[in-house]
Structures are given as C-alpha cells and as structure tokens.
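This report is an introduction for a reader who has not seen the structure before. Please keep the sequence and the 3D view at hand while reading.

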Amino acid sequence: MNPQLIDQLKQLGIELGANGLPYRFPLHPNFVHLTLGLFIIAIAFDFAGTLFPLERPILKFFSIPVSRSNFFDVSWYNIVAASAISFFTVAAGFFEILLADPPTDQKSAWGLGAGTTMLLHGVGGVLLLTLIVAMTIWRGYQRFNWRKHEPRQVQWSYLLAGVFILGFMFVHGTLGAQLGDEFGVHGTAAGLIRQGKNPNQVLQP
C-alpha cells in the first residue's frame, strides 16, 4: 500500500471504500477479461481463416455465407482493440496494486507470498502488454504489406506465437486470480467474509 497516494486521494476528497479502492468494484479484472476475450477471438479467427479450405464444406452444408477474408477482418479489428484496451488494463492494475494491502503471512497454492505474486503479476502484465502490441504490429504488416495479396493473411509463425501468448496469459491470469481469491487483494466480498462481515450490508450503495 502506498500511503502517499492514499494521502493525495484524501486531499482530493476521495475516500477509500471497503475494498480499499476509491470506487465500488475493482476495474482491473474487468479490463483483464476484455483484453483476454478480444485477443482469444483474434487468434481463433486467424486460425479459422487459415483452415478455411477445410471448413468450407461444413459452412456450405449449413448455408453460412462467409468468405475467408471475413475471418481475417474479425481477427484484425479484435487484436487492435485488445492492444488498445491493454493499456487501460495495465494502468488500472498498477493503480490498484499501489492501494493493495495484502496479508504477509500467507502463501498461495504455488507457494508464493502476496508480495512476490504481485511483483510477478505486475511485471508479467507489462510483458503481456508489450507482446500484444508487438503482435498487433506484426499482424498489421501481414495484413497491409507482406501478405496483402495472399489468400492466407497470416503466417504460421504468427499463429504459433499467439498460442504461446495464450499459454502465458493462463499462467499470468492464475497469479491474478490468486491475488484476489487466496490473498483477498481488493476482493471485496472475499475479504469481508473473512472478517465475518456481510458483503450485502457493507457494500450497499
């Protein structure tokens, strides 16, 4: 927890709630799931576009009018959105980490303390932001330059990199889940229940 930041918020007339934040619900988890969803859709649709020749008979059987370029269009706009949202995801995450007050005498299921888990999650978040932006730039070069005249818009190396990042997201997301569930960092309901309080009463607007 950053006492100076808390003092600055108080000087602005902003009080921290039961979850240790100046707003009712943590923002970071919501941005995280938006980033995850957009990136997963982007990679999935690139795979769908790449494997389109195998899918065409199925799509034709179900009378689904779609062209190969449609899959790649969906992928492109989703990864651009994921890249943009990731900046807000990381910013909200660092702000909420600064206001976190985790227990110091607990270990996670992975045997890590809260401080170590927060550090790994923070560094991993910046690394993920960098990877997503790099993937977006890579995807843009393929779409508008390298493969703009090719029926398959993406390289296999790009798809494999996407699968690797999805695996990294799983590990990184597990660290974040441990912070909220096992350490109760800004996990308002979980923290209040551990204190023997009723979240429905304490969190009334």
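The sections below go from the overall fold to the core, the paired side chains, two loop positions and the surface.

## Overall fold

The model is a predicted one. Its chain has 205 residues, of which 39% count as buried. The chain contains eight helices and zero strands, so the order of elements from the N terminus on reads α-α-α-α-α-α-α-α.

Contacts between residues at least 6 apart in sequence show how the chain folds back on itself: 72% of them join residues at least 24 apart. The chain exposes about 11700 Å². Carbon and sulfur atoms supply 67% of that area.

## The nonpolar cores

In soluble globular proteins, nonpolar side chains tend to be buried together. Here the largest nonpolar core has 17 residues. Phe39, Ile79, Met135, Tyr158, Ile165 and Met169 have the most contacts inside this core. Two or more residues each come from helix 2, helix 4, helix 5 and helix 6, the last of which covers residues 156–181. The largest contribution is that of helix 4, with five residues.

Phe39 gives a view of this core from one position. Neighbours within four places in sequence aside, Phe39 is in contact with Ile79, Ala82, Ile132, Met135, Gly162, Ile165, Leu166 and Met169. A second core, separate from the one above, has six residues, among them Ala100, Leu179, Phe183 and Val185.

## Salt bridges

How many salt bridges does a search of the whole structure find? The search finds two. One of them joins Asp46 and Arg139, with the closest N and O atoms 2.9 Å apart. Asp46 lies in helix 2 (residues 28–50) and Arg139 in helix 5, so this salt bridge ties together parts that are 93 residues apart in sequence. Is Asp46 buried or exposed? Asp46 is buried, because its relative accessible area is 0%, under the 20% cut-off. Arg139 is also buried, with a relative accessibility of 0%.

Asp73 and Arg143 form a salt bridge through their side chains, at 2.9 Å from N to O. This pair links distant parts of the chain, since Asp73 is in helix 4 and Arg143 in helix 5, 70 residues apart. Asp73 has 26% relative accessibility and therefore counts as partly exposed, whereas Arg143, at 13%, counts as buried.

## Aromatic pairs

A pair of aromatic rings is described by the distance of the centres and the angle of the planes. The count of aromatic pairs comes to five. One of them is formed by Trp138 and Tyr158, which meet edge-to-face. Their ring centres are 5.4 Å apart, and the planes make an angle of 90°.

Trp138 lies in helix 5 and Tyr158 in helix 6, so the pair ties together parts that are 20 residues apart in sequence. Trp138 counts as partly exposed because its relative accessibility is 24%. Tyr158, at 0%, counts as buried.

## Two loop positions

Pro22 is in the loop between helix 1 (3–11) and helix 2. Its relative accessibility of 27% makes Pro22 partly exposed. Residues up to four places away in sequence aside, Pro22 touches Ile14, Glu15, Leu16, Phe95 and Leu99. Pro22 and Leu99 are 77 residues apart in sequence, while their C-alpha atoms are 9.5 Å apart in space.

Ser108 is located in the loop between helix 4 (68–98) and helix 5 (114–146). Is this loop residue, Ser108, buried or exposed? Ser108 is buried, because its relative accessible area is 7%, under the 20% cut-off. Not counting residues up to four places away in sequence, Ser108 touches Thr117, Gln178, Glu182 and Phe183. Phe183 is also one of the residues of the second core.

## A nonpolar surface patch

Which residues form a nonpolar patch on the surface? The patch is made of Leu51, Leu54 and Trp156, and together these have about 310 Å² of accessible area. Leu54 belongs to helix 3, which covers residues 52–61. Leu54 counts as exposed because its relative accessible area is 66%, over the 50% cut-off.

Notes
Residues are numbered from 1 along each chain as its sequence is written. This is a predicted model: local features need pLDDT of at least 70, side-chain atom pairs count only at pLDDT 80 or more; totals for chains, interfaces and linings use all residues. Side-chain values use heavy atoms; hydrogens and water are left out. Patches are made of residues with over 30% relative accessible area and no salt bridge: like charges are joined within 9 Å, nonpolar side chains (Val, Leu, Ile, Met, Phe, Trp, Tyr) within 5 Å. Accessible areas come from the Shrake-Rupley method with a 1.4 Å probe; for residues, only the protein chains shown count as cover. A salt bridge is a side-chain nitrogen of Lys or Arg within 4 Å of a carboxyl oxygen of Asp or Glu. Helices (H or I, at least four residues) and strands (E, at least two) are DSSP runs, numbered from the N terminus. Buried means under 20% relative accessible area, exposed over 50%, partly exposed in between (1.4 Å probe, protein chains only). Contact means heavy atoms within 4.5 Å. A nonpolar core is a set of buried Ala, Val, Leu, Ile, Met, Phe, Trp, Tyr and Cys residues joined through side-chain atoms within 4.5 Å. Rings of Phe, Tyr and Trp (its six-membered ring) pair if their centres lie within 6.5 Å; planes under 30 degrees apart count as stacked, over 60 as edge-to-face and the rest as tilted.
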